[in-house]
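Q: I would like a close look at a single part of this structure. Please take one helix, describe how it is placed, and then go through what surrounds it.

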Amino acid sequence: MSTRANIVVEGGEFSPTITYYKHHDGYIEGGLGGYLAEFVKDNIDIDESKFMTQFIIYISRKYGESANLQEIEVNSSVQGDIEYMYQFKNNELGVYIREEWREDNPFEENYKDWKYVTLVNKDIY
């Protein structure tokens, strides 16, 4: 089964907010979240406008194709069928976690109402 996720990189003063989508392997441990956390922890003061390029290069060099990053794509908004929504803002990485599906209308849920966990911030690394 696919574990869909979005990554929202909040823009700075001179860069826009960009949303990315990953159709599978979006879970935290052993998936996209672990790779994102490792990248943010190991790279302090990341320029938001270069976040995804630097992330893909860093993880690909370290893990090669086994990291399974090939299918990350730019998206115009947060998908409605995701389980994880990663947010990078001010050099902090966190994740909103969908804890339950609303079968009657799963696509209208607001991810900001989901459980939020900080994965990496300046006090953690």
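A: What follows looks at helix H2 and then at the strands and loops around it. The model is a predicted one.

Helix H2 covers residues 51-63, which makes 13 residues. From its first C-alpha to its last, H2 reaches 18 Å, close to the 18 Å expected at 1.5 Å a residue. Just after H2 comes Gly64, which takes a positive phi of about 65°.

Which residues of H2 are buried? They are Phe51, Met52, Phe55 and Ile59. Seen down the axis of H2, these buried residues fall within an arc of 85°, so they line one face of the helix. The general reason for such a pattern is that an α-helix has 3.6 residues a turn, so residues three or four places apart point the same way. Thr53 and Arg61 are exposed, and they are on the other side of H2.

Next comes the cover over the buried face. What covers the buried residues of H2 includes three strands, S1 (5-9), S2 (18-22) and S4 (84-89), and also helix H1 (32-42). H1 itself lies across S1, S2, S4, S5 and S6, and it runs at about 45° to S6.

The strands belong to an open sheet of six, in the order S3-S2-S1-S4-S5-S6, with mixed pairing. Strand S3 (73-75) and strand S6 (115-120) stand at the edges; each has a single partner strand, so one side of each is left without a neighbour in the sheet. From one strand to the next, the twist averages 25°.

S4 is one of the strands that cover H2, and it can be followed in more detail. Five of the six residues of S4 are buried, so this strand is largely enclosed by the rest of the structure. S1 and S4 run parallel and are joined by five bridges. Across this pair, Ile7 stands opposite Tyr86 in S4. With strand S5 (residues 92-97), S4 pairs in the antiparallel sense over six bridges. Here Met85 stands opposite Tyr96 in S5, and the bridge partner of Phe88 is Leu93, also in S5. The hairpin of S4 and S5 has two residues between the strands, and in this hairpin Asn90 takes a positive phi near 55°.

S2, also part of the cover over H2, has a loop on either side to look at. Pro16 lies in the loop between S1 and S2. Is Pro16 buried or exposed? Its relative accessibility is 57%, and exposed means over 50%, so Pro16 counts as exposed. Leaving out residues up to four places away in sequence, Pro16 touches Val9 and Gly11. Pro16 and Thr3 are 13 residues apart along the chain, and their C-alpha atoms are separated by 26 Å.

His24 has its place in the loop between S2 and H1. Its relative accessible area is 18%, and buried means under 20%, so His24 is buried. The side chain of His24 makes a polar contact of 3.2 Å with the side chain of Asp25. Leaving out residues up to four places away in sequence, His24 touches Ser2, Thr3, Asn68 and Glu71.

To return to the helix: the buried residues of H2 line one face, and what covers them includes S1, S2, S4 and H1.

Technical notes
Residues are numbered from 1 along each chain as its sequence is written. This is a predicted model: local features need pLDDT of at least 70, side-chain atom pairs count only at pLDDT 80 or more; totals for chains, interfaces and linings use all residues. Side-chain values use heavy atoms; hydrogens and water are left out. Helices (H or I, at least four residues) and strands (E, at least two) are DSSP runs, numbered from the N terminus. The expected span of a helix is 1.5 Å times one less than its number of residues. Buried means under 20% relative accessible area, exposed over 50%, partly exposed in between (1.4 Å probe, protein chains only). The arc is that of the directions from the helix axis to the C-beta atoms. Contact means heavy atoms within 4.5 Å. Two strands pair if DSSP finds at least two bridges between them. Axes are lines fitted to C-alpha atoms, for helices over the stretch in contact, and angles run from 0 to 180 degrees between N-to-C directions. A polar contact is a pair of N or O atoms within 3.5 Å; within protein, one must be able to donate a hydrogen and the other to accept it, and residues adjacent in sequence count only if both atoms are side-chain atoms.
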